[in-house]
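Work through the exercises below with the model open. Try each task before you read its solution.

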Amino acid sequence: MIVVNTETIPGYQIVEVKGLVQGSTVRAKHVGRDIAAGLKNLVGGELKGYTELLVESRREATERMISQAVELGANAVVNVRYATTSVTTGAAELYAYGTAVVVG
């Protein structure tokens, strides 16, 4: 499965558009990560707990999007985008979407 954030894939031609595919996950912050982030705010630096949370969330949302593309018979997803939304206090949604296509 080819996944790109461009409208085309160099060296390939889009022969069929299958439609919009998407994947999302809603994650809550971990109390331990909040405490560590609070302390890190005092001294500066990367908030590794949040970085890991976002990496896991992007991976899961992307896998769900790809799964939907496979169900449609696509072999690529183009124009992939990510978005985040606060769902409630302490929880956010990470949303991945793109266009499932068949390339040849």
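Buried means under 20% relative accessible area, exposed over 50%, and partly exposed in between, with a 1.4 Å probe and protein chains only. This is a predicted model: local features need pLDDT of at least 70, side-chain atom pairs count only at pLDDT 80 or more, and totals for chains, interfaces and linings use all residues. Residues are numbered from 1 along each chain as its sequence is written, and side-chain values use heavy atoms, with hydrogens and water left out.

**Exercise 1. Describe the setting of S57.**

Start with the element. S57 sits in helix α2, residues 48–71. Helices (H or I, at least four residues) and strands (E, at least two) are DSSP runs, numbered from the N terminus.

Next, is S57 buried or exposed? Its relative accessible area is 4%, so S57 is buried.

Now look at the side chain. A polar atom of the S57 side chain lies 2.8 Å from the backbone oxygen of L53.

Finish with the neighbours. Leaving out residues up to four places away in sequence, S57 touches T25, R27 and L94. Contact here means heavy atoms within 4.5 Å.

**Exercise 2. Lay out the strands.**

List the elements. The chain has two helices and four strands. From the N terminus on, they run β-β-α-α-β-β.

Order the sheet. It is open, with four strands in the order β1-β3-β4-β2 and mixed pairing. Two strands pair if DSSP finds at least two bridges between them. The edge strands are β1 and β2 (14–28), and each pairs on one side only.

Place the helix. α2 packs on the sheet and touches β1, β2, β3 and β4. The direction of α2 makes about 145 degrees with that of β2. Axes are lines fitted to C-alpha atoms, for helices over the stretch in contact, and angles run from 0 to 180 degrees between N-to-C directions.

Trace the pairing. Strands β1 (residues 2–3) and β3 (residues 76–88) run parallel, joined by two bridges. I2 has A76 as its bridge partner in β3. In turn, A76 has V101 as its bridge partner in β4. β3 and β4 (residues 91–103) are antiparallel, with ten bridges.

**Exercise 3. Find the positive phi values around β3.**

Recall the background. Most residues other than glycine have a negative phi.

Check the hairpin. Two residues lie between β3 and β4, and G90 takes a positive phi near 85 degrees.

Then check the strand. N79 belongs to β3. N79 is not a glycine, yet its phi is positive, at about 60 degrees. With 25% relative accessibility, N79 counts as partly exposed.

**Exercise 4. Which residues make up the largest nonpolar core?**

Fix the term. A nonpolar core is a set of buried Ala, Val, Leu, Ile, Met, Phe, Trp, Tyr and Cys residues joined through side-chain atoms within 4.5 Å.

Name the members. The largest core has ten residues: V21, A61, M65, A69, A74, V77, V80, L94, A96 and A100. At least two of them come from each of α2, β3 and β4. A second, separate core has six residues, among them I9, V78, V101 and V103.

Follow one member. Beyond four places in sequence, A69 touches M1, V21, A74, V77 and A100.

**Exercise 5. Assess the overall shape.**

Take the box. Along the principal axes, the C-alpha atoms fill roughly 55 × 25 × 15 Å.

Count the burial. Of the 104 residues, 25% count as buried.

How values were computed. A polar contact is a pair of N or O atoms within 3.5 Å; within protein, one must be able to donate a hydrogen and the other to accept it, and residues adjacent in sequence count only if both atoms are side-chain atoms.
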